[in-house]
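Q: I'm new to this one and would like a close look at how its helices pack. Please take me through it slowly, one contact at a time.

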Amino acid sequence: SISFNSVISSCAIAGKAEEAESWLRRMMEAWLVPDRTSYNAVIHSWSERGNMSNAAKWLLAMSRSMIAPDTVSFTSVISSCAKTSDWREAFCWLGHMRSANHSPDLISHNAILNACAKASNL
């Protein structure tokens, strides 16, 4: 599992979201159980590309796998909304974060402000 996480994280850092996702799928196919680190790397990777739907898809897959998303997971999705100036969706995910009993941190708040600023809603 550690080796897979290293590869997944390396792909994510390199901006290769498709490859990070592919390695996560390979991990599952090998009957290894992904952990929060595995999922967060893929979520963050898609977020960096501004692909909210794929970031959200993996956050939901994480939840369905009985791994609770954390503040990092939700903030990554919120950041992807900011990249596309979708402030409404960013606030929606902030609500999901709070519903899951996670408190937004400074990075979460900055992502929300960024979404509003890009949409000229400040």
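**How the helices pack**

A: Let's start with helix α6 (residues 87-99) and helix α7 (residues 106-118), which pack at an angle of about 160° with their axes 8 Å apart. Everything here comes from a predicted model. An angle over 145 degrees counts as roughly antiparallel, so α6 and α7 are roughly antiparallel to each other. Their crossing is left-handed. On the α6 side, the contact is made by W87, A90, F91, L94, M97 and R98. On the α7 side, look for S108, H109, I112, A115 and C116.

Now move to α5, which spans residues 71-83. The buried residues of α5 pack against α6 and α7, and against α3 and α4 too. How many of the 13 residues in α5 are buried? The count is 11, so this helix is mostly covered. By name, they are T71, S73, F74, T75, S76, V77, I78, S79, S80, C81 and A82. As for length, α5 reaches 18 Å from its first C-alpha to its last, close to the 18 Å expected at 1.5 Å a residue.

One residue of α5 is worth zooming in on: S76. Is S76 buried or exposed? With a relative accessible area of 6%, S76 is buried, since buried means under 20%. If you leave out residues up to four places away in sequence, S76 touches I43, H44 and S47.

Those three partners take us over to α3, where I43, H44 and S47 join N40 and E48 in meeting α5. From the α5 side, the residues they meet are V72, S73, S76, V77, S79, S80 and K83. The axes of α3 and α5 come within 8 Å and cross at roughly 10°. That makes the two helices roughly parallel, because angles under 35 degrees are counted that way.

While we're on α3, here's a quick check on its length. At 1.5 Å a residue, its 13 residues should span 18 Å, and its end C-alpha atoms are indeed 18 Å apart. The buried residues of α3 are S38, Y39, N40, A41, V42, I43, S45, W46 and S47. What covers them includes α1, α2, α4 and α5.

Next comes α2, which runs over residues 17-29. Its 13 residues reach 18 Å from first C-alpha to last, close to the 18 Å you'd expect at 1.5 Å a residue. Which residues of α2 are buried? They are A17, A20, E21, L24 and M27. These cover an arc of only 115° around the axis, which puts them on the same side of α2. They pack against α1 (2-13), α3 (36-48) and α4 (52-64). Just after α2 you'll find W31, whose phi is positive, near 65°.

The contact between α1 and α2 deserves its own look. Their axes come within 8 Å and cross at roughly 165°, so α1 and α2 are roughly antiparallel to each other. The crossing of these two helices is left-handed. The contact is made by F4, N5, V7, I8, C11 and A12 of α1. Their counterparts in α2 are E19, A20, W23, L24, R26 and M27.

That leaves α4, which holds A61. At 14% relative accessibility, A61 counts as buried. A61 and N110 are 49 residues apart in sequence and 26 Å apart in space, C-alpha to C-alpha.

In the loop between α4 and α5 you'll spot S65. S65 has a relative accessible area of 36%, so this residue is partly exposed. Try tracing from S65 to P34: they're 31 residues apart in sequence, and their C-alpha atoms are 8.8 Å apart in space.

Technical notes
Residues numbered from 1 in each chain as written. Predicted model: local features only at pLDDT ≥ 70, side-chain atom pairs only at ≥ 80, totals over all residues. Heavy atoms only, no water. Helix = DSSP H or I, 4+ residues; strand = E, 2+ residues; numbered from the N terminus. Expected span 1.5 Å × (residues − 1). Buried < 20%, exposed > 50% of the residue type's maximum accessible area, 1.4 Å probe, protein only. Arc of directions from axis to C-beta. Contact = heavy atoms within 4.5 Å. Axes fitted to C-alpha atoms, helices over the stretch in contact; angles between N-to-C directions. Parallel < 35°, antiparallel > 145°, perpendicular 65-115°, else oblique. Left-handed = near helix turned anticlockwise from the far one by under 90°.
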